[in-house]
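User: Hi! I'm new to reading protein structures and would like a close look at just one part of this one. Could you walk me through it step by step?

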Amino acid sequence: MNSANVDFGPVEIRMEGVFDVTAAQTVVRALERSSAERDVRIDLTHVREFHDFAVAVLAQALAKRRERVAVCGLRQHQLRLLQYLGLGQTAEPFDMNDSAMA
């Protein structure tokens with residue numbers, strides 16, 4: 001594998017299980033470590049439970065780095081939270097047809 005591709009390709013952060021404050025802080029640290037010039041995709045499609053405060057922690061990190069970050073896998077409630085905070089454009093709705101859910 002060419003290390004140049006690793007250094008400049010998009011970053012994907014995948015979470016699963018429960019998205020609590022500890023998980024949100026893990027995402028925040030990963031965002032802080034990634035270059036502002038790199039695209040970042042936060043994949044939450046395998047999260048089975050979301051804590052609202054954790055979504056608020058994630059929202060703060062997204063507000064600091066609005067560009068080049070996309071979040072996928074949020075349910076309607078979490079999407080509404082981000083929309084209320086003015087960050088709805090960074091998130092993609094959860095797709096119930098996702099093969100990972102089958």
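User: What does the chain expose, and which atoms supply 51% of it? After that, please look closely at helix 4: which of its residues are buried, which are exposed, and at what angle do helix 3 and helix 4 pack?

Analyst: Happy to help! Keep in mind that this is a predicted model. The chain exposes about 6400 Å², and carbon and sulfur atoms supply 51% of that area. Buried residues make up 40% of the 102 residues. Along the chain from the N terminus, the elements run α-β-α-β-α-β-α-β, giving four helices and four strands.

Now for helix 4, which covers residues 76–84. Its buried residues are Q78, L79 and L82. Looking down the axis of helix 4, you would find these buried residues within an arc of 100°, so they line one face of the helix. Turn to the other side of helix 4, and you meet the exposed residues Q76, Q83 and Y84. Just past the end of helix 4 comes G86, which has a positive phi of about 80°.

Helix 4 also has a partner. Helix 3, residues 52–64, packs with helix 4 at an angle of about 45°, and their axes are 10 Å apart. The two helices are therefore oblique to each other, and helix 3 passes helix 4 in a right-handed crossing. Where they meet, helix 3 brings D52, V55, A59 and L62, while helix 4 brings H77, Q78, L81 and L82. Notice that Q78 and L82 appear here again: both are buried residues of helix 4 and both take part in the meeting with helix 3.

Definitions and conventions
Residues numbered from 1 in each chain as written. Predicted model: local features only at pLDDT ≥ 70, side-chain atom pairs only at ≥ 80, totals over all residues. Heavy atoms only, no water. Buried < 20%, exposed > 50% of the residue type's maximum accessible area, 1.4 Å probe, protein only. Areas by Shrake-Rupley, 256 points an atom, 1.4 Å probe, with all protein chains shown as cover. Arc of directions from axis to C-beta. Axes fitted to C-alpha atoms, helices over the stretch in contact; angles between N-to-C directions. Parallel < 35°, antiparallel > 145°, perpendicular 65-115°, else oblique. Left-handed = near helix turned anticlockwise from the far one by under 90°. Contact = heavy atoms within 4.5 Å.
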